[in-house]
Structures are given as C-alpha cells and as structure tokens.
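This report introduces selected features of a protein model to a reader who has not met it before. Please keep the sequence and the structure in view while reading.

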Amino acid sequence: TPAPAPGLAKGLWPALRAFTSRDGLPQNSAMGLARDREGRLWVATQDGAAVYNGRTWRSLSLPDRQVSNFLRCVAVGPDGIVWFGRQEGGLAAWDGGLWRLWSPAQLEGASRVNAVAIHGDMVWVGTEGRGLLGLRQGTVVQRLLPGASIQALTMLEGELWISTGASLQRLQGGTPVSVPLPAGVRAGSLAREGRQRLWMAGLGHLWVREAGRWRAEPLPPGWTEASAVALTRGPSGRGTLWVGSPSRGLAFRQEGGTWTELDTRAGLPGQCVNGFLPGLETDGTRRLWVGMDEGVVRVELGRWSRLATAHGLPAASTYGLAAGADGSLWMGTRNGLWERRGERMTLALAGETVYAVLPWEGDVWAATQRGLARRAGGAWRRESLPPALGSQGFRRLYAIDGDLWTLGAQAGIVRRHAGR
C-alpha cells in the first residue's frame, strides 16, 4: 500500500474547495482536466471549455457550438496548444486565443473523440469507432486499431497506454502491444506507481499489475465500482492512493490503514467522479484536482486537514481549540466541550456552549456561557465567582506571566492571581 502524503492526517479529511457554475464554470459536468505550462487549469465540460488562473474562471465556447459544445476530454501540448475532443464534430484546439477545428471528414469520419494525448510532436486522438489517429502538424499521419472505440489514452512515464474497454494496449515503437487483462475485466482508469506497478480502476475491485501479473485489491467498503484512480506523491517520493466512484464520491488509503471516504459531508458538490489530475502547482503547492459531474474540486495536500461532524464532532460551530501536553485536542463547541485522543471523541463538558479552552498548570479551564469551569484531578467543577462579574459567561482565556486572564461578556477583563 502506498505511504501517505504529508499532511493527510489519519482519519481526517483533507481541506478541499469545490467550484461549480456559481463560481464561473460554464456547466458543472467536468469531463476532463489538464494543466498548461503556466499552471492554469483547463476543464472540458458538457457546455464548452473553462480555464482557471488560480483566482477566476473564464469560459470558452466553440465557434460552431450549434454542432456541439459538449467536450469529452482535454490535453495540453508543450507548445501551449490546448486540445479538446468533442461529443460531435471532431476535434478542436485553442491556439493563442483562436480556435482551430478538425471536422469528421478530416478525422477518417470520426465525429466523437473520447480521448486526446500528446507524445512528442504527435497528437493522439482516440475516436469512437474509428480507432486511434496520430496527427502531426494538424494532419493525420497514423491510423491504428481501425474500427476500435478508444475509451481512454493515458501517458505513464513517457509511454502511451490505450484503453478500448475490452482491451488494454501500450504503444511501443509506434505499434500497439496488447497487455492481457484478467478474465472478464474491462480496462479502466490507470495510474502508475514507479516503473514496476500499475493501478487500474474497475468493477468490484482495484487491479494492480506487477511483474507481468494482475492481482485484485479491495475497494472501499460498500463500493462496487471505481471510475478513476490516481497517486499523489509527497516530497519524499512516497504517495497516497486515491479512487473515485460514479456514485460514492472519492476515497484515499494511507499506509497500513483503511480507506477514508470523502462525500458531500466533506464538501464535495456531488458523488460522481469522472477523473483526477494530481500534480505540483507553480507555487510549489501539492494538489489533487477532481473532475466530477457536479463540478471541479481542488484537494489540498499540504498540512491542513478537516475535522467535521462525520468524525464525531457534534456541531459545525466550533469556538475554541487547545492542544494538551499529552497529545489531546480540546474543542469548545455550541454543544459542549469535546476531547479528541487519537481518533476517539469524548464529551467532557455537556449542556452549554464553550467559547474557549485552556490547558494550564496541569488543569483544563473552559470559558462557557455560564461562567468558568475547571477540570482538576479528572473531575470538573464550576468556579465560584463574585456576583459583580455578571452572569453572561466568558469568551476568552489566556495564560500571561503566571496568571489566568479571561474576557467576560459583562465583566470585562478578569485576572486570576494566586488562586483568586
């Protein structure tokens, strides 16, 4: 099992951001993702193309959108040209601010293009029912696998892999070479781990190929199919395995552990994953982009993780956080004070809103809507306070120069000195 990427805390969710038509996408079904040499993200949607510069989205419609504005895939060449496969109408390329179009008549009669990949000076075009076409300088110069419907083209470590669904091929010396599949298995999304290990998404299982042999790996519990697979890598070169589902969202697996699932509770806009785009951004940030039927998702692979109600947190409204010297994490919420140790959540103080928490001198202090509470010797007790300090509770706690300071809703600033 691949090792975890730095920052993916065990049992927690990575931070993510969803983008939909409300944010500037022309349409929510993201069929393909690609990144250009300037770090911009290109998206093929069912109603045109979109490009994201890290701040804003720009939509691009095809000049003959009456034929079809439905784009199935996208790839970017080293020259910066952005290639799109169309549901109908052939092939399109965005070149320096202008569209170039290839009609079915220029593509051996192929109207639908399911996949595009760039390898050297060759643009490989995977068609529906017309096989694999190789374009050089805009002209078809190679015709492979005649009559086949190409479902996916994947560049792995400089090699082109070709999926027709029923078969898997790799291009060697300009010739497709068949890669035998397990009996009854159709070729799915691919990801490579180093030079020796190949991962493939499929029905019922994930599949791993090593030393020329396939073996089945279990999907997350309850999953019946994986629509996409990807590996993300940290600075050490180790990676985390990700899978997407057509109906269950996505999941990742860490070293020696179990699957962690991400769905709408984690902030996904929906449940259907079409594909992944892992990589290193121009600013050095490690991210995983996810194309979904309901939008585009950016998963942060840095140091941030997310703890939510699905992990046992009773409310999304969290007002105070503090780390204990013993590794515990204290959380003040609208529904009491909670303690997290490892992956276990425990309600420590119930029945009131806790605005702040502070481990101090071996005890744990809590500022609540009802006053101050203190855990000493494993037991909680309410602090007795002068009536003049009011009854509207306290909002903040600080340890300064050996004294405890707190901010009251009515009392202003209060200091506890020498036990008083």
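The text below describes two sheets and one residue in a strand.

The model is predicted. One open sheet consists of four strands in the order β35-β36-β37-β38, with antiparallel pairing. Strands β35 (354–360) and β38 (379–382) each have a single partner strand and stand at the edges, so one side of each is left without a neighbour in the sheet. From one strand to the next, the twist averages 20°.

Another open sheet of four strands follows the order β23-β24-β25-β26, and its pairing is antiparallel. Here β23 (228–233) and β26 (259–262) are the edge strands, each pairing on one side only. The twist in this sheet averages 25° from one strand to the next.

One antiparallel strand pair from each sheet is set out in the table.

| Strand pair | Bridges | Residues standing opposite |
|---|---|---|
| β35 and β36 (residues 363–368) | six bridges | Trp360 and Asp363 |
| β24 (residues 239–244) and β25 (residues 250–253) | four bridges | Leu241 and Arg253 |

Strand β36 also contains Thr368. Is Thr368 buried or exposed? Its relative accessibility is 0%, and buried means under 20%, so Thr368 counts as buried. The side chain of Thr368 lies 3.0 Å from the backbone nitrogen of Arg370. Leaving aside residues up to four places away in sequence, Thr368 touches Leu349, Glu352, Thr353, Val354, Tyr355, Arg382, Gly393, Phe394 and Arg395.

Conventions. Residues numbered from 1 in each chain as written. Predicted model: local features only at pLDDT ≥ 70, side-chain atom pairs only at ≥ 80, totals over all residues. Heavy atoms only, no water. Pairing = 2+ DSSP bridges. Axes fitted to C-alpha atoms, helices over the stretch in contact; angles between N-to-C directions. Buried < 20%, exposed > 50% of the residue type's maximum accessible area, 1.4 Å probe, protein only. Polar contact = N/O pair within 3.5 Å; in protein donor to acceptor, adjacent residues only side chain to side chain. Contact = heavy atoms within 4.5 Å.
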